[in-house]
Amino acid sequence: MKTTVAAVDIGTSKIVCVIGEFDDDLSGELIGYGVKPYDGYSGFEWNQSEEDVADAVSGAIHLAYEMCGRQADSVYVSVPASWVSVIPCTGNVSVEGGKVSEDDMKAAFDNAVPYVADRSMLLHRCIAWFKAGESVTMEPVGLKCDELSCSVYAMTCEKRLADKLTRLIGIAGYKIKGFLSAQLGETLLAVPPAERDRTAVLIDCGYMTTQVMVAKGDAVCHMSVIDDGAGFWTARIAQELDIPFQMAEQIKRRLILAPGENTGNSKITLFDASGEEISFDSDTVERIVIKPLSELADTIKSELLSCDIAIGNKTAYYLTGGGLAPMGGARQFLSGRLGVPVRACAVKPTKLMGANYVSSVGLLELVFEQISQERMNSKTDLITKLKSIFKK
């Protein structure tokens with residue numbers, strides 16, 4: 001039997017609804033999507049009326065349903081990154097017999113309980129690593145030790161923000177099935193497990209904000225939200241060249257960053273509203289963009305220096321998001337500025353492709369994982385009940 005699920009990813013410039021089908025064999029597939037631009041949010045407030053944002057949500061859901069012909073009464077919703085907090089905690093358990101079992105792993109994880117204030121709600125609780133003796137690993141079963149510890153990172157948000165989203169989705173005509181972090185979803189989707197085990201950094205540069213996630217194991221251990229993105233660079237191009245914003249956006253997307261290599265002979269050619277050809281020097285546009293991009297890179301470095309997780313030579317860096325990743329040469333420029341190789345995210349092909357949709361696809365994958373866990377837990381509970389019956 002197939003289950004249809006919908007998830008709404010609330011970004012800073014667009015709202016994306018993704019619809020998937022989940023099979024009894026615990027596999028899922030994206031079957032539809034819808035995208036609606038909107039004015040985003042500042043702090044904890046929408047930049048337009050709640051009704052207008054709800055219309056954008058409803059429009060994105062409608063487009064997704066229209067594509068796949070499936071409907072769901074309720075949806076999962078991502079909590080915007082600016083509204084999410086990351087909390088570390090540790091659980092310990094004595095190992096009977098001196099060798100770690102799966103029960104020991106579960107007990108250590110269960111004992112890692114984060115402090116969640118009354119005004120907050122828990123979104124996720126993820127394992128970063130286990131420590132058995134001197135070994136730090138994600139797979140401690142069979143290791144010899146007297147005590148097993150589990151490092152866990154929780155993601156929370158304030159209840160008043162969840163209430164805000166509940167009201168918004170309600171205005172759009174839907175009920176919320178659950179709250180999730182799209183940033184966790186995209187991290188698990190875009191960064192290979194082997195890289196996360198060694199610690200990895202994912203930089204998601206969007207239109208209005210840039211998110212920097214440090215991942216370890218299956219957890220996001222650190223998340224910074226920088227109030228800077230490609231939309232500000234577009235506005236700067238428009239202002240300095242005295243051209244319309246939409247034309248500036250086209251110029252930015254056609255620019256290939258190559259500091260010191262562009263010359264005045266290199267041109268970016270467009271057509272204005274009247275159909276007349278208009279050209280701009282690539283090096284002039286590059287100079288406009290390089291300064292804010294350099295400042296963003298320096299801010300990213302500062303944020304990573306403040307992280308409690310050790311970031312070393314083996315740490316992998318990845319770039320995603322629709323602000324920076326699509327710009328030619330931007331990833332290479334960022335690599336040079338950070339002093340480390342920054343890789344492009346490689347994810348499995350779906351109906352919805354592009355760096356600006358990795359968070360949305362990751363959100364749906366997280367929904368699939370949650371449903372899978374719920375079904376497995378339900379099956380375990382049933383088996384436990386049956387065993388108790390047969391023991392009587």
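**Burial, pockets and a kink**

Colleague: Why does glutamate 50 count as buried?

Modeller: In this predicted model, glutamate 50 has a relative accessibility of 16%, and since buried means under 20%, the residue falls on the buried side of that cut-off. Glutamate 50 belongs to helix α1, which runs over residues 50-68, and apart from its neighbours within four places in sequence it is in contact with Lys164, Arg167, Leu168 and Ile171.

Colleague: Why is leucine 188 called partly exposed?

Modeller: The relative accessibility of leucine 188 is 30%, and because buried requires a value under 20% and exposed a value over 50%, leucine 188 lies in between and takes the intermediate label. Its place is in helix α4, residues 182-190.

Colleague: Which residues does leucine 188 contact, once its neighbours within four places in sequence are left aside?

Modeller: They are Arg196, Asp218 and Leu366, where a contact asks for heavy atoms within 4.5 Å. Tryptophan 46, by comparison, is 142 residues from leucine 188 in sequence, and the two C-alpha atoms are 28 Å apart.

Colleague: What volume does the largest pocket have, and which residues are closest to its centre?

Modeller: The largest pocket has a volume of about 1500 Å³. Its lining consists of 36 residues, and those closest to the centre are Phe109, Ile127, Asp218, Glu369 and Gln373. Two or more lining residues come from each of α2 (102-111), β8 (120-132), α4 and α10 (358-391), with α10 giving the most, at 13 residues.

Colleague: What makes up the lining of the largest pocket by class?

Modeller: There are 17 nonpolar, 8 polar and 11 charged residues in that lining. Phe109 and Ile127 are among the residues closest to the centre, and both count as nonpolar because Phe and Ile are in that class, whereas Asp218 and Glu369 count as charged because Asp and Glu are in the charged class.

Colleague: How many residues line the second largest pocket, and which element supplies the largest share?

Modeller: The second largest pocket holds about 610 Å³ of space, and 37 residues line it, those closest to its centre being Ser13, Lys14, Gly206, Tyr207 and Asn356. The largest share, 5 residues, comes from α7, while β1 (3-10), β2 (14-22), α4, α7 (245-254) and α10 each supply at least two. By class, this lining divides into 14 nonpolar, 16 polar and 7 charged residues.

Colleague: Which residues of α7 are buried, and what covers them?

Modeller: Met247, Ala248, Glu249, Ile251 and Lys252 are buried in α7, and the cover over the buried residues of α7 includes α6 (230-241), β15 (267-271), β16 (277-281) and α8. Lys252 also lines the largest cavity, together with Arg253, Gly322, Gly323, Pro326 and Met327.

Colleague: Why do the residues lining the largest cavity divide by class as they do?

Modeller: The division is 2 nonpolar, 2 polar and 2 charged: Pro326 and Met327 are nonpolar, Lys252 and Arg253 are charged, and Gly322 and Gly323 count as polar because Gly is placed in that class. The volume of this cavity is about 40 Å³, and the structure holds 1 cavity of 30 Å³ or more.

Colleague: How do you know that the span of helix α8 is close to the expected one, and where does its kink lie?

Modeller: Helix α8, residues 282-305, has 24 residues and reaches 34 Å from its first C-alpha to its last, which is close to the 34 Å expected at 1.5 Å a residue. Its kink, of about 25°, lies at isoleucine 290, shortly before proline 292.

Technical notes:
Residues numbered from 1 in each chain as written. Predicted model: local features only at pLDDT ≥ 70, side-chain atom pairs only at ≥ 80, totals over all residues. Heavy atoms only, no water. Helix = DSSP H or I, 4+ residues; strand = E, 2+ residues; numbered from the N terminus. Buried < 20%, exposed > 50% of the residue type's maximum accessible area, 1.4 Å probe, protein only. 1 Å grid on protein atoms, 1.4 Å probe; cavity = no way out; pocket = protein on both sides within 12 Å on 5 of 7 lines; lining within 4 Å. Points joined across faces, edges and corners; volume = space filled by probe spheres on them. Expected span 1.5 Å × (residues − 1). Bend = angle between axes of the 7 residues up to and from the residue.
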